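Hi everyone, thanks for coming. Please have a look at the sequence and the structure on the screen, and I'll walk you through a few parts of it.

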Amino acid sequence: MIAERDSVLHSWSVQADWDAPTVVGGRGARLRLADGREILDMSSLAECSNLGHQHPRLIEAIRSQAERLCFVTNAWGATPRAELAQALLERSGFEGGRVFFTLGGADANEHAVRIARQAARKPGGAIIARERSYHGATQLAMALSGDSRAHSLGIDPRALGVHHVPPPYGYRCPFGGRDEVQCGDRAAAAVADRIDDLGVDKVAAVIMEPDAGTNGIVAPDNYWPALRKHTADRGVWLIADEVMSAFGRCGEWFAWQRHGEAGRPDLMTLAKGLTGAALPLGAVVLSAEVAATLEHEMLYSGLTYCGHPLACAAGVAALRAYEEEGLIARSRALGAQLLVQLQQLQSRHRVIGDVRGGHGLFAVIELVADRDSRAPLAPWPQTPPALKSLVDTAMAQGVSFATRGNLIVLAPPLVVSEAELADAVSLLDRLLAQFFAK
Ligand SMILES: Cc1ncc(COP(=O)(O)O)c(C=O)c1O
């Protein structure tokens, strides 16, 4: 076995402590490890393998595109790129818009900000983002992120024109109170107030996750349409970071679609499920209005591999798979079912303070020390030792769960079977009893 432990610098890890498993294969929601074990993947790895592992359509699309043409620069044309752009514009109803392809989510957000500033004619314009958000690990994306890891890196958001507002965190409302709808309204109003304080002419865009995100906040339903209204009233572009929430994860092609036209952003960023993670690809989708402002101007940007034909061919195949296999509707139905099952767990385990999500196969369990006071089990973003033990035990028993702080995030591939989901929930039930019995 090659000793990866001693040669690779692993992301988000203390190198000396790295002991993650090596994956050698997979099928559907299952991964095969180098030691021969099979693992049920309840996080789609990084919430990105929406189509499951080794989806045959993706493999075939990559193989046949590789035989035709592996690479052409983004400045020239490539058939799968055009096809994918067209399909994205159609599915999002952004007819007349344009798509800028990137390599992943962070650079999609970087480019969305650059494009929004150019399109708004505000070159150094302020960007409003929120606390408890994640937009990627590059310098600007990390500055956009309201994430403790940005503080650890010493990144100064203000120096990059980024202003943070409190999040629509219904369970722990930063504005106080326990009324989630009120919290959604106040969080949206806080964005409006910040735009007004900074001056409409100084603000280029607002960037927010419309639903699922790494930091585990699922906004109250009234938040996104209110945010859309406040930004539209002020003529400020709204960027929906759909890197995690799109492609069925939240029960729609794009999470904002749950709100219909009242939720339509001006730009949206995509990655992860765009290719079912079979190849790296991200995108910025521009509305017709945003695209029109750039039509006769130079776009000062480009990455050597953006719009790579192999990745775009995988994207075209992924979109067909979501559609022809009915995976978006499946995710919506299974997500609703999962939410009910987790609510049943909540009624049995006092350590579960909140259960949220379930618009698709994305749900969050928040653990607390005290359900009445909602005191967190560990200070954010620390993961309580008992939760670490729970996850390690689950892994030893063949199920991989993602955690962040006090949260367990359930986001299995959309092809997960109902039996697999039930197994994972019942394992969680047993392990919550084992590790959090009072
Ligand atoms: C909402 C959101 N935006 C952006 C990113 C960054 O994407 P990438 O890791 O592809 O750069 C992530 C990654 O988890 C994400 O969840």
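Let's begin with two helices, H12, residues 385–396, and H13, residues 418–436. Keep in mind that this is a predicted model. In general, we describe two packed helices by the angle between their axes and the distance between those axes. Here, H12 and H13 pack at an angle of about 140°, and their axes are 10 Å apart. That makes H12 oblique to H13. The crossing of H12 past H13 is right-handed.

Which residues make the contact between H12 and H13? From H12 we have Ala386, Ser389, Leu390, Thr393 and Ala394, and from H13 we have Leu427, Leu431, Phe435 and Phe436. Sorted by class, seven residues of this contact are nonpolar, two are polar and none is charged.

Now, on to the sheets. One is an open sheet of seven strands, and if you walk across it, the order is E4-E10-E9-E8-E7-E5-E6, with mixed pairing. Which strands stand at the edges? They are E4, residues 98–102, and E6, residues 162–165. Each has a single partner strand, so one side of each is left without a neighbour in the sheet. On average, neighbouring strands of this sheet are turned by 20° against each other, ignoring direction.

Let's zoom in on one pair in there. Strand E8, residues 237–241, pairs with strand E9, residues 267–270, in the parallel sense over three bridges. If you want to find one of the partners on screen, start at Ile239 and look for Leu267 in E9. There is a helix to spot here too: H7, residues 180–198, lies across E5, E6 and E7, and runs at about 145° to E6.

The other sheet I'd like to show you is open as well, with four strands in the order E1-E2-E3-E14 and mixed pairing. At its edges are E1, residues 23–27, and E14, residues 399–400; each has a single partner strand, so one side of each has no neighbour in the sheet. E1 pairs with E2, residues 30–33, in the antiparallel sense over four bridges. Look at Val23, whose bridge partner in E2 is Leu33.

Last stop, the ligand. How many residues surround the ligand? There are 15, and the closest are Gly104, Gly105, Ala106, Gly136 and Val243. Helix H4, residues 105–119, gives the largest share of this shell, with three residues. By class, the shell has six nonpolar, seven polar and two charged residues.

Thanks for listening!

Conventions: Residues are numbered from 1 along each chain as its sequence is written. This is a predicted model: local features need pLDDT of at least 70, side-chain atom pairs count only at pLDDT 80 or more; totals for chains, interfaces and linings use all residues. Axes are lines fitted to C-alpha atoms, for helices over the stretch in contact, and angles run from 0 to 180 degrees between N-to-C directions. Angles under 35 degrees count as roughly parallel, over 145 as roughly antiparallel, 65 to 115 as roughly perpendicular and the rest as oblique. A crossing is left-handed if the near helix is turned anticlockwise from the far one by less than a right angle, and right-handed if clockwise. Two residues are in contact if their C-beta atoms, placed from the backbone, lie within 7 Å. Ala, Val, Leu, Ile, Met, Phe, Trp, Tyr, Cys and Pro count as nonpolar, Asp, Glu, Lys and Arg as charged, and the others, Gly among them, as polar. A residue is near a molecule or strand if its C-beta atom, placed from the backbone, lies within 6 Å of it. Two strands pair if DSSP finds at least two bridges between them.
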